[in-house]
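Reader: I have the sequence and the model open side by side, and I would like to go through them with you step by step. Could we take the questions one at a time, with the reasoning spelled out?

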Number of protein chains: 2
Amino acid sequence: MIIQTKKEKIGHLLMHVCRERGKTADQFMTQSKIFRGQGMMLMFLSEHEGLTHSEIAERLNISPAAATKVIKRLEEEGYIKRQSDDKDERLSRVFMQEGGRAVISGIQSSFKKLDEQTFHNFGDEDLDRLEDYLHHILTNLKAG
Amino acid sequence: MIIQTKKEKIGHLLMHVCRERGKTADQFMTQSKIFRGQGMMLMFLSEHEGLTHSEIAERLNISPAAATKVIKRLEEEGYIKRQSDDKDERLSRVFMQEGGRAVISGIQSSFKKLDEQTFHNFGDEDLDRLEDYLHHILTNLKAG
DNA sequence: TGGTATTAATTAACCAGTTAATAATAAACA
DNA sequence: TGTTTATTATTAACTGGTTAATTAATACCA
């Protein structure tokens, strides 16, 4: 009989919570005919135009390869456009297009509703404490 | 300027934490030449032999389709085997094979180390509180 | 100047998850 | 009994993430 420690139990629970949050996020996003990753990216880009792929990836805490994939899809669907830097042609800078601006407010509202639901009935103190816990976990994971 | 609420900030942080935990999990699992999803499945199966795909999926909180994929891969690599139920041929029951039993203890140790690292310096009270928070979030998400 | 090393983005090949549609079997019922 | 309905697993087509390898452009340096 394999013994599962309390920490392992919470580790699994954490992943379960994230899967559920992801599913719910996609449900909210369907109103904008978009997926959560694209929504995240558009939200970020709408506030930070002209950044390079690497800068975007770093800010969103994903790999440059993952950034490229979602950016490419958003460009193909007319939400954004890429433009290579005049002085350094290795750099590809990303800008919003009309198609993107048109859906931003819907996406913003979806994320807001999503996290209102996610943390329904959490008081300020709970949120602070949870935030501390999550930062603590990040530090632990990155320290490995 | 788009305003991000505290809850949204924590929502993003939560997903970030899960990505990092997933990456770290895979790093630990490479010692057993396996990936985290396969490791999870093997751990579970070693304690619950003879269950059907649907039962397994339900217990692991994933879709039956996701369960099928990882089970199929594990079978191809000789860790487990599937056997259809005598009385109901729709049911496919899963059993450990020697190949699977051989790696269980390594996997178990990896998960233990992973979550020791993840929750390093968390006291009992912190763990209890975090567990409560995560259950609360799950309830909120499923209530939608 | 010319050759080497670095950096940015991309592609390839994966794993892990989803929903929706399909095939096969069992159950229900007229 | 025979037809319809329900259930199980599977497949297809995705998103979203990873690492490793590749390509193209810049920077460095002898």
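Reader: Which atom of DNA strand D lies 2.8 Å from a polar side-chain atom of R82(B)?

Author: This is a predicted model, and the distances here are computed from its atoms. The pair in question joins a polar atom of the R82(B) side chain to the DNA backbone, at 2.8 Å, and the partner on DNA strand D is a phosphate oxygen.

Reader: Which residue has a polar backbone atom 2.4 Å from a phosphate oxygen of DNA strand D?

Author: Two residues of chain A can be considered, each of which places a polar backbone atom beside a phosphate oxygen of this strand. For E89(A) the distance is 3.4 Å, which leaves the value of 2.4 Å to G37(A).

Reader: Which residues come nearest to DNA strand D, and what share of the strand's atoms within 4 Å of the protein belongs to sugar and phosphate?

Author: Around DNA strand D there are 27 residues, and the nearest are G37(A), S63(A), K69(A), H53(B) and S54(B), drawn from both chains. Of the atoms of this strand that come within 4 Å of the protein, the part that belongs to sugar and phosphate is 79%.

Reader: How many charged residues does the surface near DNA strand D have, and which elements each supply at least two residues?

Author: By class, this surface has 7 nonpolar and 8 polar residues, while the charged ones number 12. The elements that each supply at least two residues are, from chain A, α2 and α4, and from chain B, α1, α3 (53–60) and α4.

Reader: Turning to DNA strand C, which residues are closest, and how much of the contacting part of the strand is sugar and phosphate?

Author: DNA strand C is surrounded by 27 residues, of which H53(A), S54(A), G37(B), S63(B) and K69(B) are the closest. Among the atoms of the strand that come within 4 Å of the protein, sugar and phosphate account for 80%.

Reader: Which residue has a polar side-chain atom 2.5 Å from a base oxygen of DNA strand C?

Author: A distance of 2.5 Å is also found for G37(B), but there a backbone N or O atom faces a phosphate oxygen. R90(A) does direct a polar side-chain atom at a base oxygen of the strand, although its distance is 3.1 Å. The residue that fits both the base oxygen and the value of 2.5 Å is K69(B).

Reader: Which cysteines form the disulfide, and is its link right-handed or left-handed?

Author: Over all chains the structure holds 1 disulfide, and the two sulfur atoms, 2.0 Å apart, belong to C18(A) and C18(B). The pair crosses between chains, running from helix α1 of chain A to helix α1 of chain B. With 65 degrees about the S-S bond, the link of C18(A) and C18(B) is right-handed.

Reader: Why does C18(A) count as buried?

Author: The cut-off for a buried residue is a relative accessible area under 20%. C18(A) counts as buried because its relative accessibility is 7%.

Reader: In which helix is E20(B) found, and which residues does it touch beyond four places in sequence?

Author: E20(B) belongs to helix α1 of chain B, and it is buried, with a relative accessible area of 11%. Once residues up to four places away in sequence are set aside, E20(B) touches L138(A), L141(A) and K142(A).

Reader: Is I3(B) buried or exposed?

Author: I3(B) sits in the segment before α1 of chain B, and, with neighbours within four places in sequence left aside, it is in contact with Q108(A) and E8(B). Its relative accessibility is 64%, so I3(B) counts as exposed.

Reader: Which residues of α2(A) are buried, and what do they pack against?

Author: Helix α2 of chain A has 12 residues, from 36–47, and reaches 17 Å between its first and last C-alpha, close to the 16 Å expected. Within this helix the buried residues are Q38(A), G39(A), M41(A), L42(A), M43(A), F44(A) and L45(A). They pack against α3, α4, β1, β2 and α5 of chain A together with α1 of chain B.

Reader: How many helices and strands does chain A have?

Author: From the N terminus on, its elements run α-α-α-α-β-β-α-α. The secondary structure of chain A therefore comes to 6 helices and 2 strands.

Methods:
Residues are numbered from 1 along each chain as its sequence is written. Chains are lettered from A and ligands numbered from 1 in the order in which they are written. This is a predicted model: local features need pLDDT of at least 70, side-chain atom pairs count only at pLDDT 80 or more; totals for chains, interfaces and linings use all residues. Side-chain values use heavy atoms; hydrogens and water are left out. The expected span of a helix is 1.5 Å times one less than its number of residues. Buried means under 20% relative accessible area, exposed over 50%, partly exposed in between (1.4 Å probe, protein chains only). Contact means heavy atoms within 4.5 Å. A residue is near a molecule or strand if one of its heavy atoms lies within 4 Å of it. A polar contact is a pair of N or O atoms within 3.5 Å; within protein, one must be able to donate a hydrogen and the other to accept it, and residues adjacent in sequence count only if both atoms are side-chain atoms. A disulfide is a pair of cysteine sulfur atoms within 2.5 Å. Ala, Val, Leu, Ile, Met, Phe, Trp, Tyr, Cys and Pro count as nonpolar, Asp, Glu, Lys and Arg as charged, and the others, Gly among them, as polar.
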